[in-house]
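Here are my notebook entries from a session at the screen. I kept them short so you can follow along with the model open.

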Amino acid sequence: MSDATANGIAATAAERKPRRDIGIGRRYAAERRFKAYGIIAIAIGLAFLVMLLTSIISKGYTAFWQTEIKVPITFTEKVLGTPEQAVKSQTKLLMANYPQLARDGLVQLLGISADDKKAVSAANGLISSGTRVTLRDMVMNDLSIIGTTEDVWLYASSELDSAMKGQYDLSVPENRRPISDLQLEYIDKLKSQGAIEERFNWGLFTFGASSRAETAGLGVAIIGSFYMMLIVLALALPIGVAASIYLEEFAPKNKFTDLIEVNINNLAAVPSIVFGLLGLAVFINWFGLPRSAPLVGGLVLTLMTLPTIIIATRAALRAVPPSIRWAALGLGASRTQTIFHHVLPLAAPGILTGTIIGLAQALGETAPLLLIGMVAFVADYPATPMEPATALPVQIYMWANEAERAFVERTSGAIIILLAFLAIMNLTAIFLRRRFERRW
Amino acid sequence: MMENIQATLNRGPAVQAAKPIKMKTKDVTVHYGAKQALNGVTLNIPENQVTALIGPSGCGKSTYLRCLNRMNDTIDIAKVGGEILLDGEDVYDPDIDVVELRARVGMVFQKPNPFPKSIFDNVAYGPKIHGLARSKQELDEIVHTSLRRAGLYKEVHDRLDEPGTGLSGGQQQRLCIARAIAVSPEVILMDEPCSALDPIATATVEELIDELRENYTIVIVTHSMQQAARVSQLTAMFHLGDLAEVGPTEKMFSNPDDKRTQDYITGRFG
C-alpha cells in the first residue's frame with residue numbers, strides 16, 4: 001500500500017516536472033541565424049573594403065614610378081654663355097634655352113638629322129619640358145660643367161610615361177592617340193640602347209603643383225598638412241584636455257554646464273564645411289589672416305577636432321575607477337593633485353587615442369579647406385605656416401579634376417599616400433594604448 | 001549564533017580602562033538630495049580603541065564613517081549637518097583645511113585600491129604630498145616603517161619596485177593600510193576592510209587592526225559580527241539612519257539593551 005502511494009507521488013512529480021525543453025530548438029536556431037547575419041554583414045563590409053583598396057592600388061601603384069631617359073647633354077657656350085659671363089651676370093644663365101640642350105642631346109642620341117623638323121618635334125615630345133629646371137640647377141650649382149658633355153637622366157613626358165606603362169590603347173588610329181608611330185619607334189630604339197628606364201618617382205613626394213603631370217608632386221601638400229597637424233595638436237590637445245578636466249572634475253552640475261555639454265556633443269556632428277565658413281568669416285575676414293595659409297587651416301581644423309578630443313577625454317576620465325580618486329583623496333591629496341597624479345595618467349592612453357583619431361579626421365578633411373582658399377596652385381614650399389600651401393586631400397581633389405591619363409594614376413597614388421599616413425596614425429594610437437595601458 | 005559570538009568574545013581582547021575621547025559627534029545628519037540618510041547621530045569615539053559600527057545594509061554606518069574625514073564632500077548632493085569634533089575642533093569649520101583633516105584622519109576602503117604604481121610609490125605617495133620626508137633616506141625610513149607596521153614588510157621587502165596591484169587581495173589591503181599609516185594619521189577609518197578578503201587574509205588584517213590600536217584610534221564598519229566582537233572595544237549599532245545603541249562590545253554582544261540590537265546580532269534580520 002505504502003509502495004503504491006510512493007509510486008503515485010513519484011508519477012505526479014514526473015508529470016509536473018517543468019518542461020524546460022520547450023522552444024529550445026527555436027532558440028538555438030535564432031542564435032545561429034543572428035550569427036549568420038553578423039558574418040554576412042562583416043563579409044559585405046570586407047568585400048567593399050577590398051574592392052576599394054584593389055581599385056585604388058591597381059590604378060595608383062604606377063604613380064610611384066616615372067620613366068626617365070638618359071640623354072648625353074652638351075652644355076655649350078653657344079647657349080649658356082661662357083663661365084666668365086655667368087659669374088658677372090646670372091641673367092643669361094637663368095634665361096638660357098635649356099630645352100634646346102635636351103632636344104639636341106636626344107636628337108643626337110636617336111641619330112636624327114637636325115633638319116628633319118617633323119622628326120625633331122616628335123623626339124622633343126618625348127622629354128618633359130620640366131627639364132629646364134633640372135638642367136638649370138645643374139649649371140647653376142657647378143659652372144665648370146659649361147663646355148662639357150654629360151649623361152643626364154631626364155624626365156620623360158607624361159605621354160611617353162603613360163605609353164611605357166601600357167596605359168594607351170595602341171590599336172586606335174595614330175591621329176586619335178597622344179603618341180605617334182614615329183615616337184613609338186623612337187621608344188623602341190631608346191629601349192634597345194638601354195637609355196630609357198622606369199625609376200622610383202621621388203618627385204611625387206617633393207615637387208609642388210605643376211600643370212605637367214611628370215613634375216607635379218605632393219611636396220607642398222605634405223608640408224601644408226604637416227603644419228596644420230602641428231597647429232591642431234598644439235592647440236586642440238591642451239584646450240580639449242583642459243576643458244574636459246574642468247567639465248568632468250570641477251564644474252558644478254547645473255543648467256549652464258548641461259547646455260555646454262549638449263553643445264559640445266552637437267558640435268561634433270556639425271558638417272565640416274560650416275567650420276570652413278566660420279574660418280573664412282572669422283579668421284580671414286575679421287582677423288585678417290592670409291588666405292590659403294596652413295595657419296588658418298590649422299585653426300579651422302582645431303575647431304573641428306576639439307569636440308572629438310573633449311568627448312574622448314571625458315570618456316577616458318570617467319573610465320578611471322572612483323576607488324583610485326578615493327584612495328588619493330583619503331590620503332589628503334587635493335583635487336588637483338588627485339587628477340594630475342592619478343586620474344590623468346590612467347586616462348592618458350584613452351586621451352592619446354582620441355587625439356590621434358581626431359588628428360586623423362582632420363588630416364582627411366577637405367571641405368573647410370576649400371572655403372579658406374587652400375585649393376590653390378602652389379609651386380613653392382611654404383617657409384612658414386603663414387604662406388600659401390595646399391593639403392593632401394585638397395591636392396587629391398585638384399588632381400582628380402585633371403583629364404590627363406598621368407594625373408589619374410597620380411590621384412590614386414596620392415590617395416595611397418594619404419591612406420598610408422592615416423594607417424600610420426591609427427597604428428600609433430593602437431601602439432600607444434597597448435604601451436601605456438595599465439591594469440588596476 | 002549567540003553562543004558563537006560569546007565564544008569569540010571570551011577569546012577577544014579585554015576591555016581596557018576608559019580612554020579619553022578622540023572624536024565627538026553630535027546630532028550628525030546627512031541628506032542625499034531629498035533623502036535623509038542619517039537622523040542625528042551622537043557618538044563619542046575613544047582614543048586608541050577600536051570602535052565598530054554594525055547594522056544592516058543601508059543603515060547609514062558607512063555614511064557616518066565618511067562624515068568623519070569629510071569624504072562625503074566628494075558627493076555633490078550630500079549635505080552634512082550637526083557637529084563633528086576632532087580633539088575639540090569642528091572638522092566642518094570653514095577654516096579647517098580638508099587636506100590636513102584627511103591627513104589626520106586616514107581611510108581604508110572596502111575594496112583594496114592600491115595605485116597602479118610600485119609598492120614603494122604607493123606608500124611613499126602620502127608622505128611626498130605632505131612633505132613629511134626631507135630626504136630620500138627619510139622617505140625610505142617612513143615607507144619601511146609603515147610596511148613593517150602593516151605586517152607586510154617581510155613579504156615584500158625584496159620587491160618594493162613591483163606594482164602594488166600584483167599583490168594578493170589580503171596583501172593589497174595591508175598595503176592600503178600601510179599607505180594610510182605612512183602619513184601618520186591620528187584616526188584610521190576602515191570601511192568593511194575585510195569584505196573582499198578570504199578568511200585567512202581576514203584573520204591577518206584583524207590581528208593587524210588589534211596591534212594598530214596602540215598607536216591609532218580606529219573606527220571600523222563591518223558586516224561581520226564576529227569581526228566586531230573580535231577586534232573592537234566599543235560597538236555602535238545603526239538602524240535605518242539612527243544610532244540604535246552604543247556600548248562596550250562585550251556588553252553589546254552579551255546583554256544588549258535595545259531590541260533591534262538583540263534581533264540583529266541573533267540573526268533575526270539584517
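**Entry 1: an arginine in chain B**

I looked at Arg174(B) and found that its side chain reaches the backbone oxygen of Gly151(B) at 2.9 Å. I count a polar contact as a pair of N or O atoms within 3.5 Å; within protein, one must be able to donate a hydrogen and the other to accept it, and residues adjacent in sequence count only if both atoms are side-chain atoms. Arg174(B) sits in helix 7 of chain B, residues 169-181. Helices (H or I, at least four residues) and strands (E, at least two) are DSSP runs, numbered from the N terminus.

Is Arg174(B) buried or exposed? It is buried, with a relative accessible area of 8%. Here buried means under 20% relative accessible area, exposed over 50%, and partly exposed in between (1.4 Å probe, protein chains only). Setting aside neighbours within four places in sequence, I listed the residues in contact with Arg174(B), among them Ala150(B), Glu155(B), Thr204(B) and Leu208(B). Contact means heavy atoms within 4.5 Å.

**Entry 2: ground rules for my notes**

This is a predicted model, where local features need pLDDT of at least 70 and side-chain atom pairs count only at pLDDT 80 or more, while totals for chains, interfaces and linings use all residues. Residues are numbered from 1 along each chain as its sequence is written, chains are lettered from A and ligands numbered from 1 in the order in which they are written, and side-chain values use heavy atoms, with hydrogens and water left out.

**Entry 3: salt bridges**

I found 26 salt bridges over all chains. The rule asks for a side-chain nitrogen of Lys or Arg within 4 Å of a carboxyl oxygen of Asp or Glu.

In chain A, I noted Glu248(A) with Arg318(A), whose closest N and O atoms are 3.0 Å apart. Glu248(A) lies in helix 12 and Arg318(A) in helix 15, so this pair ties together parts that are 70 residues apart in sequence. Arg318(A) is exposed at 53% relative accessibility.

In chain B, the side chains of Arg104(B) and Glu186(B) meet in a salt bridge at 3.0 Å, N to O. This pair links distant parts of the chain, 82 residues apart: Arg104(B) is in helix 3 (residues 98-104), and Glu186(B) is in the loop between helix 7 and strand 7 (187-191). Arg104(B) counts as buried at 18% relative accessibility, and Glu186(B) as partly exposed at 25%. I then saw that both belong to a network of salt bridges with Lys22(B), Asp87(B) and Glu89(B).

I also logged Arg134(B) with Glu138(B), at 3.9 Å from N to O. Arg134(B) is exposed, with a relative accessible area of 76%, and Glu138(B) is partly exposed at 28%.

**Entry 4: where chain A meets chain B**

How many residues does each chain bring to the contact? I got 19 from chain A and 24 from chain B. The area buried between them is about 1700 Å², and carbon and sulfur atoms give 65% of that. Buried area is the accessible area (1.4 Å probe) that two parts lose on being put together, summed over both. Trp326(A), Leu331(A) and His342(A) supply 35% of the area that chain A buries against chain B, more than any other three residues.

I found zero salt bridges across this interface, but four residue pairs in polar contact, both at pLDDT 80 or more. On the side of chain A that touches chain B, helix 16 (322-330) and helix 17 (335-363) each supply at least two residues. Helix 16 gives the most, with seven residues.

**Entry 5: two unusual backbone angles**

Most residues other than glycine have a negative phi. Ser292(A), not a glycine, has a positive phi of about 60 degrees. It lies in the loop between helix 14 (272-286) and helix 15 (294-318) of chain A, and it is buried at 10% relative accessible area.

Leu240(B) has a positive phi of about 50 degrees and is not a glycine either. Leu240(B) lies in the loop between strand 9 (234-239) and strand 10 (242-248) of chain B, and it is exposed at 62% relative accessible area.
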